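Welcome, and please open your viewer. We will go from one selection to the next, with a short note at each stop.

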Amino acid sequence: MDKSAAMNEPILAVDNLTKAFPAGATPILNGLTFRQEPGQFVAVVGPSGCGKTTLLRCIASLMQPDTGSVLHRGRHFDNPPPWLSVVFQDYNRSLFPWLSVRRNVAFGLRGSGANDKRVDEALRAVNLEHAADLYPWQVSGGMQQRCALARSIVVSPNLLLLDEPFASVDAQTRIDLQDMVMEICQTMSLSALLVTHDIDEAVFMADKVVVLSTRPARVVEEIAIDLPRPRDQLATKETPEFLQLRHRVYTLVRKQAQKLSR
Amino acid sequence: MTARGRYITPLAWQAATILALIALWQWAALTYPAVYLPPIERIAQGYFQIWHGDLLHSALLPSLRRLGAGFAIAILVGCVMGVVLGSLRSLDPWVRPTIEYLRYIPAVAILPASLIVFGATDQMRIFVIAFGSVFPVLIAATDGARRVDPILLDVARAVGLSTAERLVRVVLPASLPSIFSGMRVALSIALVMMVISELIAADDGLGFYILRNQRLFQTANVYAGVLTIGTVGLGLTLALLAVEKRVLSWHRGWRGLTETGRG
């Protein structure tokens, strides 16, 4: 592979991914294919229980697909590559209760104490400097999720995987976190893959929305979201373009959900 | 009633109960003099002799050394094996039946065998103490390791930790609350095994001290030795609780919150 080919390589290429879990059961993912270009923000939406988390675990190389492949810049990994970070869904389960906020963030650097500066930067990026010495269970849900976010960006990753990261916080915190994640992705020129069931969130944050079918999940449609950036929670969401895109995604997801209930 | 008053009153009752028991003993000892009822002052004299001078070096310290070594080995082996077994489920069918069988052997039963293997040595006594107290730690560590939230292990993998690093930095700390409760059980067993191991072919230690004084009909010293063992047990338990309180301060706070419905 020559150099220019490597440059054009998508940061993530999911090809014909199939996964049954547990092994031998009806597949959860069935021939799923999509790709993500460097710097792109991709949101994956689908009816609940369609296998989004399984997909994310396969993409993170925490789980190997049965068939098909997940390539990170053209390469296969048995374990999560170092430039990939994951923010897990349950913030109160994904933080180490015996470590302070600061040391939870430092855990992203495999806990090496030599990188105080990078930890400080990550804490600053999520406005958590003042809570650095508290334990995660001493701070609010939104702060816990910011701590998890800081832990994932402290390594300066290229690709950020977000598994419904705003699912269990209140509406206002959710909005703040969305803005924070978009800003971080912009300033760090990060590619991000957001798995969510929230269509507004997907359309508002992403450059491309990948709509999944019901189980076994495959890609129903990829929709480019060409809304200008920076995006604003009020202004962007009031534009006819946003409403149109939202309508389109919503219709697709609802069609899938109706199939499920039939 | 003030908070202080509420605290002091039970304390006063407790002190009064102990004093009453001592007084009852002393009354009985003076009223019915018998070889098994020595007066309090003779027991007290024996007791304090154990805590300094020659007896300290020939009775108390050897016992504490054995207890410390045996208990430390039990903690080390129990934690390492427990964390590994609890994490690597594939080992379970191979190792679990053996452990489940061994744990039901009372450690006392292996005393004669270990005497043959090790002779009348410190190693024999340390082995018996360790064997007796390893199982509560091992079982607790295994259970703790099994209950580690899989998301935490995913986080550790995503960050790039190796299997060994995950065991040390995620599974072990997450299992500590369970391990500490196992250690409390193990400590009392270790104390029992310490005494028993010193009743056989010993020439020092608290067990030997009690046995020798019994043969010499020095009943006051026998009771003094027994009381010393009680003191050692109490002191070590309190020390263990203090360490636990310090090491697991996060756990009480965390559990306190998750149990009140925030988690």
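Start by selecting residues 1-5 of chain A, where pLDDT (the predictor's confidence in each residue, from 0 to 100) stays under 50. For this stretch the model has two contacts (heavy atoms within 4.5 Å) beyond four places in sequence. Where pLDDT is low, the predicted coordinates should not be read in detail.

A word on conventions: this is a predicted model, in which local features need pLDDT of at least 70 and side-chain atom pairs count only at pLDDT 80 or more, while totals for chains, interfaces and linings use all residues. Residues are numbered from 1 along each chain as its sequence is written, chains are lettered from A and ligands numbered from 1 in the order written, and side-chain values use heavy atoms, without hydrogens and water.

Now show all of chain A: its pLDDT averages 89, and 95% of the residues score at least 70. Switch to cartoon view to find ten helices and nine strands (DSSP runs numbered from the N terminus: helices are H or I with at least four residues, strands E with at least two).

Next, colour the open sheet of six strands in chain A, ordered S5-S6-S7-S3-S8-S9 with mixed pairing (two strands pair if DSSP finds at least two bridges between them). Strands S5 (84-87) and S9 (219-224) of chain A are at the edges with a single partner strand each, so one side of each has no neighbour in the sheet.

Finally, zoom in on S8 (residues 208-212) of chain A, which runs antiparallel to S9(A) and is joined to it by five bridges. Select Val210(A) there: its bridge partner in S9(A) is Glu222(A).
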